[in-house]
Amino acid sequence: MPWEAPRRARKRAEGTASSNVFSMFDQSQIQEFKEAFTIMDQNRDGFIDKEDLRDTFAALGRINVKNEELEAMVKEAPGPINFTVFLTMFGEKLKGTDPEETILHAFKVFDTEGKGFVKADVIKEKLMTQADRFSEEEVKQMFAAFPPDVCGNLDYRNLCYVITHGEEKD
């Protein structure tokens, strides 16, 4: 399952998607989404379905994806997933994300030396014991997507960038 911003870092999107989802993104972003859609639409029928997802996972080396997991992904859409629905789904996911500075400030509270990283075990403990608690699985997913370095440090600047921009800095 692709990594997405932790649910605590996303505000609940209010209302429904804009009727013109294409206005939410610039042309280069739309082109990148179109390329991703084309890669995932394995059978080239213009829609992403369970079999397309299964084939995409297989191409990425993940062979034993459970049917339930694929069904859950497809059910996130309001209907068949054509490119407009695909783009709308990403727009809705991104619409509720806090600004990068807000997320950075939250991490900086734990970075007393201002080095740009925090100890992964400290973040894990805070995420699992404070406010809206993360489950062990949610923490595992975050660290799988953003593994700490060999010293156990989490590069929160890069994590914040990915949460708010959807891709790693070059």
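**Exercise 1. Read along the sequence, determine which pattern of helices and strands the protein follows.**

Solution. Assign the elements as DSSP runs, numbered from the N terminus: helices are H or I runs of at least four residues, and strands are E runs of at least two. In this predicted model, local features need pLDDT of at least 70 and side-chain atom pairs count only at pLDDT 80 or more, while totals for chains, interfaces and linings use all residues. Residues are numbered from 1 along each chain as its sequence is written, and side-chain values use heavy atoms, with hydrogens and water left out. Written in sequence order, the elements give α-α-α-α-α-β-α-α-β-α. The tally is eight helices and two strands.

**Exercise 2. Locate the residues that UniProt lists for "domain: EF-hand" and describe the span 28-63.**

Solution. The unreviewed UniProt entry lists residues 28-63 and residues 98-133 under this name. UniProt positions are given in the numbering used here, feature names are shortened, and annotations may be inferred rather than shown by experiment. Next, take residues 28-63 in the model: the span is 64% helix and 0% strand. Its end C-alpha atoms lie 32 Å apart.

**Exercise 3. State what share of the residues is buried and what supplies the exposed area.**

Solution. Begin with the classes: buried means under 20% relative accessible area, exposed means over 50%, and partly exposed lies in between (1.4 Å probe, protein chains only). Of the 170 residues in the protein, 31% are buried. Then take the area, computed by the Shrake-Rupley method with a 1.4 Å probe; for residues, only the protein chains shown count as cover. The protein exposes about 11000 Å², and carbon and sulfur atoms supply 53% of this area.

For contacts (heavy atoms within 4.5 Å), consider those with a separation of 6 or more: residues 24 or more positions apart account for 61% of them.

**Exercise 4. Identify the residues that make a nonpolar surface patch of about 240 Å².**

Solution. Patches are made of residues with over 30% relative accessible area and no salt bridge; like charges are joined within 9 Å, and nonpolar side chains (Val, Leu, Ile, Met, Phe, Trp, Tyr) within 5 Å. The residues are Val 109, Phe 110 and Val 122. Val 109 is in the loop between α5 (100-108) and β1 (117-119). Val 109 counts as exposed because its relative accessible area is 57%.

**Exercise 5. Count the salt bridges and place the pair Lys 50 and Glu 71.**

Solution. A salt bridge is a side-chain nitrogen of Lys or Arg within 4 Å of a carboxyl oxygen of Asp or Glu. The count is six. In the pair of Lys 50 and Glu 71, the closest N and O atoms are 3.2 Å apart. This pair links distant parts of the chain, with Lys 50 in helix α2 (residues 50-59) and Glu 71 in helix α3 (residues 67-75), 21 residues apart. Lys 50 is partly exposed at 25% relative accessible area, and Glu 71 is partly exposed at 30%.

Another of the bridges joins Glu 51 and Arg 54 at 3.7 Å, N to O. Both residues lie in helix α2, three residues apart, about one turn of the helix.

**Exercise 6. Count the disulfides and classify Cys 151 and Cys 160 by accessibility.**

Solution. With a disulfide taken as a pair of cysteine sulfur atoms within 2.5 Å, the count is zero. Cys 151 is exposed, at 54% relative accessibility, whereas Cys 160 is buried, at 0% relative accessible area.
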